[in-house]
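Grab a pencil and work through these short exercises with the structure open beside you. Each one sets a task and then walks through a solution.

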Amino acid sequence: MKWLISFLFILAQCQTDPDMIPEQHTIRAKVGEKFTIELPGSIATGYSWALANPVDSQFVHLESQTHQESEKTTDGKSGMDVFVFKTLKQGKTTLDFVYRRPFNKQIPADAKRESYTVQID
């Protein structure tokens with residue numbers, strides 16, 4: 001019984017830990033417009049932002065994905081992971097990102113995540 005209580009306590013902590021809950025953002029754009037999502041990252045750590053799932057290609061197209069180093073850095077490699085998208089069709093879609101090491105096949109359960117709802121008018 002004690003193990004069950006411990007398990008439930010740990011589970012409750014995971015569900016309320018702010019680092020494990022994706023940030024929610026909303027982007028509004030018109031059909032045919034481009035928009036940019038910039039996420040802070042440090043390439044020197046081996047981590048970078050990536051799409052957690054493929055984009056819904058009926059609504060948006062990923063135009064480019066780059067890393068821009070900051071002009072002022074303490075480690076020489078911090079900056080922004082920059083994603084440029086183009087809207088294709090009126091509607092709503094979600095873009096989910098995860099901060100991970102690209103060479104790791106498994107995404108850790110505690111990986112930092114960001115989520116963007118894109119409303120296309």
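**Exercise 1. Describe the overall build of the chain.**

Start by counting elements: the chain has 1 helix and 7 strands. Keep in mind that you're looking at a predicted model. Next, read along the sequence, and the pattern comes out as α-β-β-β-β-β-β-β. Now look at burial: of the 121 residues in the chain, 27% are buried. For the outside, the chain exposes about 8300 Å², and carbon and sulfur atoms supply 54% of that. Last, check how far contacts reach: of those between residues at least 6 apart in sequence, 71% join residues at least 24 apart.

**Exercise 2. Work out the order of the strands in the open sheet, and explain why β2 and β4 count as its edges.**

Step one is the order: 3 strands make up this open sheet, running β2-β5-β4 with antiparallel pairing. Step two is the edges: β2 and β4 (60-69) each have a single partner strand, so one side of each has no neighbour in the sheet. Step three is the twist, which averages 20 degrees from one strand to the next. Step four zooms in on one pairing: β4 and β5 run antiparallel and are joined by 9 bridges. For an example, take His 61, whose bridge partner in β5 is Lys 86.

**Exercise 3. Find the largest nonpolar core and say which elements feed it.**

First, some background: in soluble globular proteins, nonpolar side chains tend to be buried together. Here, the largest nonpolar core has 16 residues, and Phe 35, Ile 37, Phe 85, Leu 95 and Phe 97 have the most contacts inside it. Then trace where the core residues come from: β1 (23-29), β2, β5 (78-87), β6 (91-100) and β7 (113-120) each give two or more. Finally, pick Leu 95 and list what it touches beyond four places in sequence: its partners include Phe 35, Ile 37, Val 55, Val 60, Phe 85 and Val 118.

**Exercise 4. Classify the ring pair formed by Phe 97 and Tyr 116.**

Begin with the whole structure, where a search finds 6 aromatic pairs. For Phe 97 and Tyr 116, the ring centres are 5.8 Å apart and the planes sit at 90 degrees, so this pair is edge-to-face. Then place the two partners: Phe 97 is in strand β6 and Tyr 116 in strand β7, 19 residues apart, so the pair links distant parts of the chain. Check burial too: Phe 97 counts as buried at 1% relative accessibility, and Tyr 116 is buried at 9%. To finish, widen the view: Phe 97 and Tyr 116 form one aromatic cluster with Phe 35, Phe 83 and Phe 85.

**Exercise 5. Decide whether Tyr 47 and Ser 48 are buried or partly exposed, then list their contacts.**

Take Tyr 47 to begin with. It sits in the loop between β2 (34-42) and β3. Its relative accessible area is 29%, so it is partly exposed. Beyond four places in sequence, Tyr 47 is in contact with Ser 42, Tyr 99, Arg 100 and Arg 101. The C-alpha atoms of Tyr 47 and Val 98 are separated by 9.8 Å, with their positions 51 residues apart along the chain counted as the separation.

Now move to Ser 48, which lies in strand β3 (residues 48-51). Its relative accessible area is 19%, and buried means under 20%, so Ser 48 is buried. Leaving out neighbours within four places in sequence, Ser 48 is in contact with Asp 81, Val 98, Tyr 99, Arg 100 and Pro 102.

Notes:
Residues are numbered from 1 along each chain as its sequence is written. This is a predicted model: local features need pLDDT of at least 70, side-chain atom pairs count only at pLDDT 80 or more; totals for chains, interfaces and linings use all residues. Side-chain values use heavy atoms; hydrogens and water are left out. Helices (H or I, at least four residues) and strands (E, at least two) are DSSP runs, numbered from the N terminus. Buried means under 20% relative accessible area, exposed over 50%, partly exposed in between (1.4 Å probe, protein chains only). Contact means heavy atoms within 4.5 Å. A nonpolar core is a set of buried Ala, Val, Leu, Ile, Met, Phe, Trp, Tyr and Cys residues joined through side-chain atoms within 4.5 Å. Accessible areas come from the Shrake-Rupley method with a 1.4 Å probe; for residues, only the protein chains shown count as cover. Rings of Phe, Tyr and Trp (its six-membered ring) pair if their centres lie within 6.5 Å; planes under 30 degrees apart count as stacked, over 60 as edge-to-face and the rest as tilted. Two strands pair if DSSP finds at least two bridges between them. Axes are lines fitted to C-alpha atoms, for helices over the stretch in contact, and angles run from 0 to 180 degrees between N-to-C directions.
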